[in-house]
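Student: I would like to go through the salt bridges of this model. Can we take them one question at a time?

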Amino acid sequence: MAKKQFKAESKRLLDIMINSIYTHKEIFLRELISNASDAVDKLCFMSLTDPEVGMGRGDFFIRIDADKEGRSLKISDNGVGMTRDELESNLGVIARSGSLKFKQELSDQEKEGNDVEIIGQFGVGFYSAFMVSDKVTVRSRAYGSEEAWQWESSGADGYSITPCEKDAPGTEVIMAVKADTEDENYSDFIDEYTLVSLVKKYSDYIRYPILMEREKSRPVETEIDGEKKTDYVKYTEVETLNSMVPIWQRVRGEVSGEDYSAFYKEKFHDFEEPLLYTHVDAEGVVSYKALLFIPGKAAYDFYTKEFQKGLQLYSGGVMIMEKCADLLPEHFRFVQGVVDSPDLSLNISRELLQHDRQLKTIAKNIERKIKNELLKLLGSEREKYESFWKAFGMQLKYGAVAEYGAHRDSLQDLLMFYSSEGEGLTTLAEYVSRMKEDQAGIYYATGESVKMISQLPQAEKLKQKGYEILYLTDDVDEFAMQVLRVYKEKEFKAIGGGDLGLESEEEKKELEQKQEQSKDLLGFVKEALGDKIKEAKLSGNLVSHPVCLSAGGFMSFEMEKYMSAFQPDSAAKADRILELNPAHEVFAKLQNMYGEDKEKAKKYVEVLYGQALLIAGLPLEDPAAYSGLVLSMI
Ligand code: ADP
């Protein structure tokens with residue numbers, strides 16, 4: 001029988017497993033039991049809607065058989081099993097994202113020279129069996145099929161698939177346990193006591209009985225010639241090793257933080273601690289239990305289309321959906337967890353579930369719960385919240401913008417921004433609490449970096465007055481402002497355009513007067529620049545800068561940059577308004593030149609316009625011409 005070769009990636013993972021010097025080899029048992037449990041889940045779910053299956057919730061099991069003499073260990077289940085093709089495709093390649101992630105992390109680690117330390121922090125699946133065995137045999141019969149197939153491999157040199165006999169659907173994984181070495185006592189893995197404790201440690205919550213035949217003895221009293229004697233008689237009994245109570249069904253106070261965290265890592269294939277977890281036990285219109293986790297970091301594919309949001313959904317302990325997307329709003333798509341409700345109808349099809357009223361109620365409650373947990377975190381553990389924000393803040397901002405701001409009110413208190421007040425992040429509530437009495441609104445400015453924004457000419461006067469400015473550096477920020485519009489009755493005001501409400505009535509009047517007096521000059525400026533600007537006017541917002549550009553209409557410069565990045569030939573442009581500082585000596589110079597030499601004054605105007613563009617972070621329309629212009633004046 002010719003051996004088949006593993007796919008390259010799988011071979012690599014397999015090599016690592018076989019040659020692993022990792023000390024936690026015991027996790028292989030957890031992995032195989034978890035596979036068995038998944039397979040049972042699948043058939044159990046089918047049995048709900050298909051009477052043909054002929055099995056009830058209580059008929060399913062996972063079984064461990066240790067054969068000390070034969071040095072083999074068998075894990076069997078009566079789940080869905082695998083067809084020949086499935087054996088081939090499931091065990092010949094790396095199937096799971098966890099395994100893929102593992103592989104990725106591994107090559108990163110290898111670059112740094114530390115090899116296998118990370119094994120076991122991942123769910124590495126079926127291949128982990130090779131950490132403890134020389135040969136692995138999988139015998140499986142798929143539900144609904146008459147045939148059974150055997151997959152066998154002694155490691156990296158490939159595998160074979162042959163027909164075999166098996167009278168019921170399900171799978172058996174048989175491992176030829178390695179011989180003991182100086183460093184490793186592989187015999188542990190066929191030792192009853194070790195196996196019992198490993199099941200307790202890793203798989204206690206598995207919802208199907210994990211059975212094992214155990215050797216027991218019981219005392220027997222005998223009386224011979226009036227003399228009493230106790231003998232011990234040995235017998236075997238099949239025992240259920242796990243408590244079968246899933247962690248979310250346990251009483252909240254009785255589960256430790258470590259339990260939650262271990263459950264999270266194992267279930268969701270993360271090797272980092274969750275940033276936050278919460279155990280919900282809700283009774284009301286709909287009763288349910290839930291465990292919700294916020295990961296410590298965004299998954300490597302979190303910001304891609306591949307990432308699937310959703311919570312695992314159970315009804316009375318039976319898993320009905322692996323990732324129920326309807327349970328999570330888009331803005332909380334980073335949340336992982338399980339929901340279990342006896343109120344959900346089991347016979348419901350997965351499509352109908354979408355319209356289920358109970359499900360909608362649960363989803364709403366969960367959303368509220370997550371929001372409150374986050375607010376709590378923000379209030380009590382600032383540093384942690386900020387690390388949450390760094391990982392998932394972008395998602396919240398998108399959430400605030402999405403659906404025309406439908407979630408604005410519920411998300412606005414979770415948002416954070418950089419600002420002119422110190423180095424750190426600030427919330428809107430904090431900003432408002434620091435607002436000056438006479439301050440007209442919440443000022444914000446957008447730009448590429450905090451540094452660039454902080455140097456905007458328009459920011460100067462605000463800072464002088466002690467008004468804080470939010471520094472927005474993400475593309476989505478500006479859209480968020482447009483959607484938020486007001487926060488606690490304070491209007492958001494872009495410092496790059498429009499009236500900032502900085503001047504007193506008197507100052508306004510004075511400026512109007514000056515504007516009137518400079519009418520000719522401003523007309524000249526507009527004419528000199530033509531279509532490049534919409535208007536030239538005097539500004540009361542400038543301090544040390546002679547000019548600046550502000551955006552006139554709805555569109556800001558940042559939006560313009562954003563649009564042109566996506567559509568290079570986009571004609572959408574923000575209205576440019578050239579603002580001149582009448583108190584600046586350059587303005588006086590320009591005025592003089594306008595009186596003396598119009599040709600030269602035109603050049604001044606062009607140079608000033610170029611300056612304004614550069615400071616606003618906008619490209620010069622013709623850099624060569626601009627450079628020539630400056631040189632000609634020197
Ligand atoms: P994962 O379980 O993470 O997907 P594995 O390498 O452990 O990755 O398993 C690969 C696939 O093989 C599983 O997704 C499943 O489809 C199948 N499989 C493994 N063990 C069993 C089993 N006991 N019964 C049925 N299918 C199984």
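**Salt bridges and burial**

Tutor: Begin with Glu184, whose relative accessible area is 18%. Keep in mind that the model is predicted.

Student: Is Glu184 buried or exposed?

Tutor: The cut-off for burial is under 20% relative accessible area. Glu184 has 18%, so the residue counts as buried.

Student: Which residue forms a salt bridge with Glu184?

Tutor: The partner sits in the loop between helix H1 (8-18) and helix H2 (27-49), while Glu184 is in the loop between strand E6 (170-177) and helix H5 (192-203). The two are 159 residues apart, so the pair links distant parts of the chain. The partner is buried too, with a relative accessible area of 3%. The closest N and O atoms are 3.7 Å apart, and the residue is Lys25.

Student: Is Lys376, the partner of Glu373 in a salt bridge, buried or exposed?

Tutor: The two side chains meet at 3.3 Å, N to O. Both residues lie in helix H8 (residues 357-380), three residues apart, about one turn of the helix. Glu373 is buried at 12% relative accessibility. Exposed means over 50%, and Lys376 has 52%, so Lys376 is exposed.

Student: What is the N to O distance in the salt bridge of Glu381 and Lys384?

Tutor: Glu381 is partly exposed, with a relative accessible area of 39%. Lys384 is also partly exposed, at 32%. Their side chains meet in a salt bridge with an N to O distance of 3.9 Å.

Student: How many salt bridges are found in the whole structure?

Tutor: The pairs discussed here include Glu184 with Lys25 and Glu373 with Lys376. A search of the whole structure gives a total of 34.

Key
Residues numbered from 1 in each chain as written. Predicted model: local features only at pLDDT ≥ 70, side-chain atom pairs only at ≥ 80, totals over all residues. Heavy atoms only, no water. Salt bridge = Lys/Arg side-chain N within 4 Å of Asp/Glu carboxyl O. Helix = DSSP H or I, 4+ residues; strand = E, 2+ residues; numbered from the N terminus. Buried < 20%, exposed > 50% of the residue type's maximum accessible area, 1.4 Å probe, protein only.
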